[in-house]
Each structure stands twice: as C-alpha cells, then as structure tokens.
Amino acid sequence: MHKIKLKTLFVAVAGLFVGLLLAYSISSQISPTTTGGLKASKEGVSEDLIDAALKTYVPPGQLDEYYLFASGGHSGQLFVYGVPSMRRIRSIPVFNKESAVGYGWTTESKEMLGDFAWGDAHHPALSETKGDYDGRWLFMNDNANSRVARVNLDSFTTQQIFGPVPNVYGPHGSVFLTPNSEYFMMASRFAGPIPYGTYSELDNFKEDYKGVMAAIAIDPKDGEMSVGWEVLLPPWSYDLSDAGKGVSDGWCFLTTYNTEEAYHLLEVESSQRERDYIMAINWKMLEQAAKDGKVKDIGGAKVIDPMDVPGSVYLVPCAKSPHGVDVTPDGKYFIGNGKLAPTVTVFSFENFMECVNTKDFQGEERGFPIVNYEKTRVAEVEVGLGPLHTQFDDKGNAYTSLFVESAVAKWSLTDFKVTDKTQVHYCPGHLASAEGDTVNPDGKYLVSLNKLAKDKYLSVGPSHPESMQLIDLTSSKMKVLYDSPTDPEPHFAQMIKADKIKTFEVYPKDEAREGAVYAKEDAKVVRDGNNVTVYMMAFRSRYYPDAVEINEGDHVTWYITNTDFDEDITHGFGIMFYDINCESQPGQTQKLEFVADKAGVYPYYCTNFCSALHQEMQGYLLIKPKS
Ligand code: CUK
Ligand code: CUA
C-alpha cells in the first residue's frame with residue numbers, strides 16, 4: 001500500500017515535470033523571447049540581457065545570417081565575422097605577412113606585397129551590381145602606400161594588390177564603388193607634388209602641391225583593377241567619399257577639409273574657416289573627357305585638368321571639416337557629417353541639380369562654382385556631438401555615429417527628426433548596417449565600430465583592443481546586443497547576407513597549372529646547373545619526395561601540390577632554419593623560392609594538423625657543403 005502510494009506520487013511528479021517541460025518548450029517556440037526559464041537560473045541578469053543573449057546565440061549546427069567584413073587598420077588585414085554571433089571566423093592577410101598561411105613567403109604573395117611589409121587598411125567595399133552587393137569581390141585601400149587590394153570571395157584570399165596608384169598621396173577617401181562596379185574612386189588625403197618623387201618646398205604648397213582623385217576601373221569579368229583616369233584637385237585634404245546611386249548615379253561626392261591650404265599644425269590651422277565643402281564630381285563627364293583624350297600623362301596615369309571640362313566639378317558648402325559623406329539608398333540626398341558641429345547636413349540632389357542647371361551659385365573657389373547653400377541644404381539634423389558617419393535601414397531611417405558623445409543617433413529621412421539614441425562604448429567611428437551601403441538595406445542589425453574599449457574586456461595592459469557592438473534594429477528603440485573585441489582598430493566594415501557568397505571547396509585539378517603534380521610517380525627533383533626545382537606532392541600524411549638532396553649555393557624553386565581533394569584538409573610546409581613556410585589548401589599548388597646558402601640537414605614538416613598521423617608528415621632537406 002505504502003509502496004504503491006510512493007509509485008503513484010512519483011509518476012504524478014514526473015508527469016508534472018514532463019508537462020512543464022513541454023509547456024516551456026512550446027511557449028519558447030511560440031515566442032523566442034520568453035525567457036522565464038532561463039531568467040530563474042541566472043540571478044541578477046535582467047530579462048532584457050537574456051533576450052539580447054538569445055538574439056545573438058547561434059547554436060552548434062547553425063550558421064550566422066550575415067558576413068561582416070571589417071578592415072584591420074594598420075595590421076593590414078581583413079577580418080571576417082559572423083552576425084549575429086559576432087564570432088571572428090577568419091583573418092585574411094592583405095597588406096601584411098601572415099605566417100599561418102605563408103602569405104608573404106610564397107612567390108605569388110611576395111610579388112603582390114612588393115616592397116612593403118605593411119599597409120593601413122581602411123575601407124572594405126563589396127562589389128555591386130545594380131547597387132546591390134553581389135558577393136564576388138571585396139576591395140580595400142591601403143592609406144600608407146596608396147594601394148588597393150582585391151579579395152576574391154570564392155576563396156577568401158587576396159588576389160591582386162594594385163599600386164602605388166600614381167599621384168594619389170594617401171587615398172583615405174576610398175574605396176567607394178559606383179553602383180555597377182564600373183569604378184571606385186580614390187581621393188588623396190595629403191596634397192603633394194606629382195608625380196611621386198618630385199621635390200618642392202612647402203612654401204610652394206599652394207602652387208605645386210595637388211590633390212588628386214583617381215578612378216580605378218574594374219574588369220567586370222575578373223575584377224582586375226587598372227587606372228581609368230585621374231582628375232586634378234586643389235591642395236585640400238579629401239576625406240570620405242561616396243558614389244551617387246539611383247537619381248544621382250553618375251556623380252560622386254567627397255568631403256574636404258583644410259581648404260585653408262595650411263601645411264603646418266593642421267589640428268588648429270585647418271579649422272579656421274566656418275565652412276569647407278562637399279565636392280560633387282560628375283564622373284561620367286570626366287570618363288567621357290578621358291575618352292576624348294583631354295588628358296595629360298602624369299606618372300603614367302591619364303590626368304584630367306577639370307578646368308578643361310567645365311561643369312564637371314562643383315562645391316557644396318558644408319559645416320567645417322566634415323568627415324563622412326553618405327548618399328541615401330534612393331540616391332536623393334547626400335549627407336555631410338559635421339565632426340566639429342553637432343549636426344548632420346542633408347542636401348537634396350534634386351535641388352543641387354537645379355542650382356547647377358540655373359547657375360544658382362554663390363561664388364567660386366579655385367575656379368569651381370559654389371552652389372547656393374540655402375537652396376541645396378534641406379535640413380540640419382541636431383544629432384549630437386561629433387557626428388562621423390551615417391548608415392541606413394529599410395524603413396527610411398538613418399543612423400549617425402557620435403564620436404564625442406559615444407552614442408548612435410537614429411533619425412528619420414522623412415521629417416529629419418531624431419527619434420532615438422543609444423550609448424555605445426566608446427567613441428564610435430563608422431557604423432555598418434546590414435547591406436547598409438546598397439540601394440536596399442536590410443535594417444535588422446547595425447554594428448558600431450568603436451575606437452576605444454577601455455573597461456569593456458579583461459585588461460591586457462596599457463593598450464586595449466578596440467570594440468564592435470552589435471545593435472538590434474528590429475524595434476523602434478535601438479538595443480545593444482553584444483560586445484565583440486577587435487584587434488586592432490577596424491576602420492570600416494560592410495555586412496552582406498551570407499547566402500550571397502559562394503565559396504568553392506577545393507582547388508580544381510589542373511594538369512596545366514605551373515608546378516602541379518597529382519601522382520607520386522610525377523613527384524621529382526630536377527636539376528639544371530645551379531637551379532633545382534622540386535615538384536612535391538602532399539597528402540595525408542606524407543610528402544613525395546620526403547628526402548631532397550641538393551648542394552650548397554643552389555637556387556631552389558619548390559612546388560607543393562596538396563592532392564587531398566577533400567574540404568578543409570590543408571597541409572602546411574615549413575623548413576627549419578630557412579624561414580620557409582606556406583600552406584597548401586585542398587588541391588592547391590604553392591610555389592616557394594630560396595637560395596640554399598647554408599649547408600647541413602634541415603627537417604621539413606607539415607605545420608597544419610591534418611590527420612592522426614600529422615606528426616609523421618615530415619622529410620629532410622640535405623644540403624651538401626661546397627668543399
Ligand atoms: S575613417 Cu571615419 S572614423 Cu579612416 Cu573611415 Cu575612421
Ligand atoms: Cu599534413 Cu599535417
């Protein structure tokens with residue numbers, strides 16, 4: 001009797017427990033924000049925070065919804081994050097050496113890097129078709145050496161580094177693509193005498209120093225970059241730029257500072273005037289002028305003097321030292337971000353064109369007409385202190401970063417009123433919203449790229465990582481969901497829907513590829529005088545050949561082909577004491593070159609864990625002494 005009662009009680013309690021569990025799982029399916037169960041288990045954590053955690057949680061077996069590509073600043077890299085998890089998936093070497101993949105050691109990557117071991121990567125830009133990201137390529141500028149790189153998004157590898165681009169000293173005002181990726185513009189931060197290498201005293205600044213904007217042409221087939229044409233500009237500093245789209249397609253807009261033309265103590269001297277300009281450039285007109293041969297060759301580039309092409313460049317007055325300029329998704333407005341003023345200024349493209357067509361000018365500077373400010377400007381939005389950059393959502397809202405205020409302001413493109421503000425930590429520079437620079441932004445997420453992290457992570461000494469914060473845009477109030485460290489500073493980022501990117505799994509077999517071998521019988525060492533070529537094959541878990549005998553002083557070319565045609569089975573290759581290192585991804589052939597200037601025995605081994613017998617994947621390079 002007693003026993004039965006206990007049993008009944010047990011069944012009843014178990015039933016109740018299962019019932020509760022079922023009820024909870026059903027309720028959480030109905031509304032993913034139902035957090036009662038979790039809340040009880042984490043004391044002191046508000047329901048809001050639990051809701052934020054759930055929104056960013058990507059469970060094992062599931063994938064992120066967006067890729068976020070963030071530039072790595074003076075590390076020269078490109079970082080790839082998943083959104084909403086904000087996990088860093090990959091760091092792609094672009095302007096830097098990276099031993100993890102042998103970038104800067106292989107012949108191909110050494111040639112791409114050229115004379116420079118570093119770069120200052122600022123603005124990644126995804127290729128566009130009809131104003132939408134198409135997932136093919138990503139371009140990114142190097143401010144330090146006036147170069148630009150192309151990363152192919154089928155392999156997430158750098159495939160071209162182009163430059164130094166002639167005549168453009170420090171192209172901070174790049175990379176901003178035209179809506180069909182015909183060009184991207186590169187505008188100079190530093191005025192300088194051109195071509196590079198020309199000497200002129202600073203006293204000659206106003207006459208001899210030039211600003212330049214280059215239009216870099218993109219081959220629609222393979223993304224190959226070349227200089228289309230360049231245009232000479234006054235010796236001002238050009239900051240951010242953006243390309244027109246929709247109604248304003250065919251134009252591009254650059255912000256300027258230091259129209260004072262100072263060359264010392266810019267911190268003070270370049271903010272003397274109340275107004276600088278947004279420069280509006282009709283790039284289609286300049287493209288035609290280049291086709292018509294209205295160019296001079298300077299430094300190997302076709303350079304246009306805009307005075308030869310009247311009507312191609314106009315000045316729009318803007319609050320002093322503006323930083324970013326952003327064109328709205330429909331192309332109807334361009335927005336100047338004040339930096340030193342607590343406002344963003346909204347200009348109407350239609351009104352601008354009316355001023356141009358009716359010659360409604362309020363003067364000119366350096367030969368360029370200044371359009372009527374009152375007429376062109378449609379609103380000044382009091383967003384807050386230190387506005388730098390603006391992004392957009394799918395509901396007609398704009399989001400502006402406020403560097404000084406450490407906040408993001410949300411405002412309406414309909415009535416130009418600020419509707420919300422949220423704190424971020426600390427000092428945001430750029431913002432990146434989902435598909436934010438396209439004609440069809442997604443809304444949903446915004447990432448604030450903050451310049452300082454201070455107390456946000458465990459301390460790592462006097463200098464800290466920078467910080468990105470994920471912000472939820474799905475309700476009327478912005479909500480910070482997640483903090484993700486990034487190291488070093490990301491200058492800009494773009495976010496693309498994950499399903500737009502199509503990667504390949506293995507490098508295809510290609511007998512014609514230089515140095516490739518696909519059968520162990522073909523693996524060999526070939527000598528031609530002092531030149532030795534090694535054709536090596538790597539597969540789990542051995543090398544063919546696994547002993548290579550050469551002579552001191554030989555010039556060595558070493559090819560490694562990974563014949564594991566199997567996703568993610570990558571082999572490494574490192575030779576001890578010779579500073580030789582690379583990796584060979586599935587199906588890939590890599591090339592290394594060096595001089596065997598030290599005799600002795602040098603083990604080589606696979607650096608990338610590839611199988612249970614990875615540790616056995618090794619060989620010997622024997623270098624016979626001369627005498
Ligand atoms: S810039 Cu505006 S905050 Cu180099 Cu894009 Cu950094
Ligand atoms: Cu191959 Cu480790």
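Two strands count as paired if DSSP finds at least two bridges between them. Keep that in mind as you open this predicted model, since the tour starts with paired strands.

**Stop one: strand 1 and its partners**

Select residues 66–71, which make up strand 1. Next, add residues 77–83, and you have strand 2, which pairs with strand 1 in the antiparallel sense over 6 bridges. Zoom in on tyrosine 66: standing opposite in strand 2 is valine 83. Now follow the chain from one strand into the other. The two form a hairpin with 5 residues between them, and in the turn you'll find glycine 73, with a positive phi of about 55°.

Strand 1 has another partner to show you. Select residues 493–497, which are strand 32; strand 1 pairs with strand 32 over 5 bridges, again in the antiparallel sense. Click tyrosine 67 and look across to isoleucine 496, its bridge partner in strand 32.

Are the faces of strand 1 covered or open? Both are covered. Colour Tyr66, Leu68 and Ala70 for one side, then Tyr67, Phe69 and Ser71 for the other: every one of these residues is buried. That fits the count for the strand, where 6 of its 6 residues are buried.

**Stop two: some salt bridges**

The model has 27 salt bridges, and here are a few to visit. Start with arginine 87 and aspartate 64, whose side chains meet at 3.9 Å, N to O. Arginine 87 sits in strand 3 (residues 87–93), while aspartate 64 is in the loop between helix 3 (47–56) and strand 1, so this pair links parts of the chain 23 residues apart. Switch on the surface and check each partner. Arginine 87 has a relative accessible area of 42%, so it's partly exposed. Aspartate 64 comes in at 15%, and because buried means under 20%, aspartate 64 counts as buried.

Now hop to lysine 421 and glutamate 405, where the closest N and O atoms of the salt bridge are 2.7 Å apart. Lysine 421 lies in strand 27 (residues 418–423) and glutamate 405 in the loop between strand 25 (397–402) and strand 26 (407–412), so the pair ties together parts 16 residues apart in sequence. Lysine 421 is partly exposed at 37% relative accessibility, and glutamate 405 is partly exposed too, at 23%.

Another pair to select is glutamate 380 with arginine 377, a salt bridge at 3.8 Å, N to O. Glutamate 380 is partly exposed at 38%, and arginine 377 is partly exposed at 25%.

For something beyond a single pair, select Asp48, Asp51, Lys55, Asp472 and Lys479: salt bridges link them in a network.

**Stop three: glutamate 274**

Where does glutamate 274 sit? Look in the loop between helix 6 (266–269) and strand 14 (275–282). Its relative accessible area is 58%, so glutamate 274 is exposed. Leaving aside residues up to four places away in sequence, glutamate 274 touches Cys318, Ala319 and Lys320. Try the distance tool from glutamate 274 to cysteine 318: they're 44 residues apart in sequence, with C-alpha atoms 8.7 Å apart in space.

**Last stop: residues 529–627**

Finish by selecting residues 529–627, listed in an unreviewed UniProt entry as "domain: Cytochrome oxidase subunit II copper A binding". In cartoon view, this stretch is 56% strand and 0% helix. Mark its end C-alpha atoms, which are 17 Å apart.

Conventions: Residues numbered from 1 in each chain as written. Chains lettered and ligands numbered in written order. Predicted model: local features only at pLDDT ≥ 70, side-chain atom pairs only at ≥ 80, totals over all residues. Heavy atoms only, no water. Helix = DSSP H or I, 4+ residues; strand = E, 2+ residues; numbered from the N terminus. Buried < 20%, exposed > 50% of the residue type's maximum accessible area, 1.4 Å probe, protein only. Contact = heavy atoms within 4.5 Å. UniProt positions renumbered as here; feature names shortened; annotations may be inferred. Salt bridge = Lys/Arg side-chain N within 4 Å of Asp/Glu carboxyl O.
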